[in-house]
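Student: I've got a model open on my screen and I'd like to learn how to read it. Could you walk me through a few features?

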Amino acid sequence: MTDHAADILLGIDVGGTFTDVVALDAGAGRIVGTFKLPSTPADPSAGALAGAARFLARTGLAAGAVHHGTTVCTNALIEKRGARTALVTTEGFRDVLALRRQARPRLYDLAPEISPPLVPRARRLEVAERTAHDGETLVPLHKAEIERIVGELRALDVEAVAISLLHAYADDGHERALEAAIAEALPDVFVSRASDVTAEFREFERTSTVAVNAYIGPRAAAYLGRLGDALAARDIPRLAIVKSNGGLTSAANARRYPVHLIESGPAAGVIASAALGRTEGFGDLIAFDMGGTTAKVGVIQDGRPRLAPEFLADRLVDGRDVGGYPIKSPVIDLIEIGAGGGSIARLDSLGVLKVGPESAGADPGPACWGRGGGAATVTDAHVVLGHIAADGYGAEDLSIDAEAARRVIAQTVADPLGWPLERAAAGILTLADANMAEMVRLATLRRGLDPRDFALLAFGGGGALHGPAIAREVGVPRIVVPPVPGLFSAVGTLLGDVRHDLVQTVLTRAQGVDAAALTAGFAGLEDRAHALLAAEATAGESRFERQADLRFEGQMFEKTLPLGPEDRDGEALERLFRQAYVAEYGYDLPGQPVELVNLRLVAGCPAAVAWPAPAAGEVSGPGRRRRAVAGADGIRREIEVVPRATIRPGEHFAGPLLIEDFGATIRVLAGQRVTAGTSGVLVIEEEDAR
């Protein structure tokens with residue numbers, strides 16, 4: 001491999017409908033190519049490999065690495081196709097996974113539907129041992145107990161084992177002993193201990209996290225192994241994976257902690273949004289990603305994605321909130337609904353039009369793909385209204401059959417309602433917009449944020465088709481459309497920092513913590529971080545950010561605060577917490593002690609490229625044309641259609657207007673104005689906002 005080949009990075013985002021490939025010349029800081037083809041749901045790695053191989057063969061390039069956003073772990077959990085898993089836990093705590101918390105998805109539902117435990121009771125084994133909350137050994141773990149557990153696991157013929165012992169965050173000696181014995185006796189079994197995955201208190205959440213890690217571990221390891229081997233056979237030596245927190249990690253670390261990949265795919269788009277926002281001066285953004293299967297929203301403030309310390313995986317099943325599986329791991333705070341280009345439009349039993357959450361996916365896909373799809377979808381509605389041309393998305397192996405789209409919407413929506421075809425198609429889009437506008441409100445207004453203070457960054461295959469209407473409904477004053485919006489998440493896979501989030505519960509009064517104890521606590525986290533970073537193929541300088549979780553004594557939840565160099569002891573931490581508490585809630589509790597709950601360390605290396613220049617496009621004059629399309633109101637009218645490659649920086653256009661781009665179409669509504677920025681972005685604003 002030449003030195004230049006090592007600079008070529010391929011970003012591959014495998015979505016539910018499309019697999020996107022973007023090539024980045026890291027040395028030049030420039031995108032040098034893009035590629036799009038339908039996904040392969042039966043084996044997502046096949047689509048990823050096909051995209052990489054065909055792109056490299058066509059361009060003649062060689063690549064040094066693939067950066068990958070994957071939904072394999074998510075799908076394994078949703079589809080309940082994980083490993084045959086056992087749980088080893090402290091005597092008396094066998095039923096923690098089933099007992100859960102008292103919280104219910106709906107307050108007055110006394111019989112809520114709850115996600116079933118991933119480990120059935122027959123495979124939940126109790127071991128005689130006990131550690132106190134301060135790390136004192138109350139009941140030692142004897143060799144005979146370990147041998148008994150190993151024997152029972154062998155008889156159960158399991159593929160994965162999760163180990164979660166009471167208070168092992170304070171002293172994990174017993175967990176380590178069990179892990180070593182099981183790994184030696186059962187070398188083909190995936191073994192995961194809670195103190196390694198998350199050394200944090202709260203027994204149910206910690207046990208749930210390690211159970212998920214074990215349950216999806218073998219499938220994730222097999223997928224990453226196949227993909228890595230196939231890439232190596234094509235002389236691509238390195239594979240990096242996007243994590244739920246938006247960072248990158250090596251395939252080796254990803255195989256060890258697959259629970260950190262549950263939100264891998266959606267995170268990449270938010271990372272790209274933050275990188276573009278920092279470059280373009282949009283510090284506060286609503287990242288709106290509409291793909292073929294789902295729509296997602298993430299919030300970026302001061303140039304940084306909003307993170308949540310934990311999340312519920314598999315919370316929505318067929319659109320219903322059913323409890324989910326708690327994951328104690330930082331994740332980009334996303335709201336996701338089943339609303340994408342493949343979302344199916346149908347009439348319910350009362351004859352009312354519904355859109356989603358069911359999707360036609362990649363196989364067979366929307367009817368307009370001509371692959372046997374018989375359901376009307378959002379994409380079919382766009383084709384009927386003329387928003388998507390016959391050459392479609394620019395995807396390989398795909399062309400648009402407009403007649404099939406017209407036929408299926410007529411048969412399933414328009415004719416039963418007695419509506420004109422265009423009105424039915426417009427109704428599908430209006431309903432989809434309303435569903436997604438509510439998602440934006442959930443991400444902003446219901447979290448105390450004013451959407452008028454943000455710009456909406458619209459990407460994904462459908463983001464720029466729906467973003468202007470959603471922004472208008474919610475009150476967002478500005479829509480930003482990035483370069484290559486249809487492949488934007490693939491760009492994001494190339495821009496994440498290597499990142500690991502580590503935590504250690506200490507649970508003590510802040511006043512009693514001296515500088516030496518605080519230094520020792522963070523030193524332990526840094527030792528763990530160095531071990532993780534050693535498995536990363538990066539030449540960047542390691543960076544560490546210290547944080548602490550604090551709360552008033554007696555409170556149930558804590559507040560995470562970044563620490564500066566002056567925060568060297570518990571007294572300084574207490575002052576920091578009280579100041580932050582007053583700033584957020586408006587009052588202090590002077591007589592109430594402050595607890596230091598957790599120490600946190602964010603460890604990583606910065607990305608090689610902050611934001612890449614877009615691939616050079618050929619500008620050959622205006623190149624504009626006109627064609628008949630139907631407006632959002634279902635009335636057919638003539639509007640302008642402009643190829644994006646012909647737009648020069650500084651040009652302005654008034655809506656209604658369609659701008660055609662590779663992998664996406666941008667819809668500018670009547671009363672809106674679009675301006676081309678110098679770096680390839682398009683900014684859409686309401687005319688009356690000027």
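Tutor: We'll go through salt bridges, helix pairs, and then a few single spots. Keep in mind that this is a predicted model.

Student: Let's start with charges. How many salt bridges does the structure hold?

Tutor: To call one, you look for a side-chain nitrogen of Lys or Arg within 4 Å of a carboxyl oxygen of Asp or Glu. By that test the structure holds 37 salt bridges. One of them joins Arg 121 to Asp 95, with 2.8 Å between the closest N and O atoms. This pair links distant parts of the chain, 26 residues apart. Arg 121 sits in the loop between helix 4 (96-99) and strand 6 (124-127), while Asp 95 is in the loop between strand 5 (85-90) and helix 4.

Student: Are Arg 121 and Asp 95 buried or exposed?

Tutor: Look at the relative accessible area: under 20% is buried, over 50% is exposed, and what lies between is partly exposed. Arg 121 has 43%, so it is partly exposed. Asp 95 comes out at 24%, so that residue is partly exposed too.

Student: What about a salt bridge inside a helix? Which residue does Arg 578 pair with in helix 17?

Tutor: First the general idea: an α-helix has 3.6 residues a turn, so residues three or four places apart point the same way. Now the case here. Arg 578 and Glu 574 are four residues apart in helix 17 (residues 570-585), so about one helical turn separates them. They form a salt bridge, and their closest N and O atoms are 3.0 Å apart. Both Arg 578 and Glu 574 are buried.

Student: Which other partner does Arg 578 have, and where does that partner sit?

Tutor: Asp 588 also forms a salt bridge with Arg 578, at 2.9 Å between the closest N and O atoms. Asp 588 lies in the loop between helix 17 and strand 31 (594-605), ten residues from Arg 578, and the pair links distant parts of the chain. Asp 588 counts as partly exposed because its relative accessibility is 27%, whereas Arg 578, at 13%, counts as buried. Shared partners can also build a network: Glu 200, Glu 310, Lys 328, Asp 549 and Arg 600 are joined into one by their salt bridges.

Student: On to helix packing. At what angle do helix 5 and helix 6 cross?

Tutor: The thing to read is the angle between the two axes. For helix 5 (residues 143-156) and helix 6 (residues 173-185), the axes come within 10 Å and cross at roughly 45 degrees. The two helices are therefore oblique to each other. The crossing is right-handed.

Student: Which residues meet there?

Tutor: From helix 5 you have Ile 146, Ile 149, Val 150, Leu 153 and Arg 154, and they meet Ala 177, Leu 178, Ala 181, Ile 182 and Ala 185 of helix 6. Sorted by type, that contact has nine nonpolar residues, no polar ones and one charged.

Student: And how are helix 12 and helix 13 arranged?

Tutor: The axes of helix 12 (residues 402-417) and helix 13 (residues 421-443) come within 10 Å, crossing at roughly 80 degrees. That angle makes helix 12 roughly perpendicular to helix 13. Helix 12 brings Arg 406, Ile 409, Ala 410, Val 413 and Ala 414 to the contact, and helix 13 brings Leu 421, Glu 422, Ala 424, Ala 425 and Ile 428. The split here is eight nonpolar, no polar and two charged.

Student: How many residues of helix 14 are buried?

Tutor: For a whole helix, you count the buried positions. Helix 14 (residues 463-474) is mostly covered, with ten of its twelve residues buried. Among them are Leu 465, His 466, Pro 468 and Ile 470. Right after helix 14 comes Gly 475, which has a positive phi, near 100 degrees.

Student: Last one: what does a single buried residue touch? Take Ile 300.

Tutor: Here you skip the sequence neighbours and list the contacts. Ile 300 belongs to strand 14 (residues 295-301), and it counts as buried because its relative accessibility is 0%. Beyond four places in sequence, its contacts include Val 270, Leu 285, Pro 305 and Phe 454. For a second case, Leu 56 is in helix 2 (residues 44-59) and counts as buried at 12%. Leaving out residues up to four places away, Leu 56 touches Leu 10, Leu 61, Ala 63 and Ile 236.

Note on methods. Residues are numbered from 1 along each chain as its sequence is written. This is a predicted model: local features need pLDDT of at least 70, side-chain atom pairs count only at pLDDT 80 or more; totals for chains, interfaces and linings use all residues. Side-chain values use heavy atoms; hydrogens and water are left out. Buried means under 20% relative accessible area, exposed over 50%, partly exposed in between (1.4 Å probe, protein chains only). Axes are lines fitted to C-alpha atoms, for helices over the stretch in contact, and angles run from 0 to 180 degrees between N-to-C directions. Angles under 35 degrees count as roughly parallel, over 145 as roughly antiparallel, 65 to 115 as roughly perpendicular and the rest as oblique. A crossing is left-handed if the near helix is turned anticlockwise from the far one by less than a right angle, and right-handed if clockwise. Contact means heavy atoms within 4.5 Å. Ala, Val, Leu, Ile, Met, Phe, Trp, Tyr, Cys and Pro count as nonpolar, Asp, Glu, Lys and Arg as charged, and the others, Gly among them, as polar.
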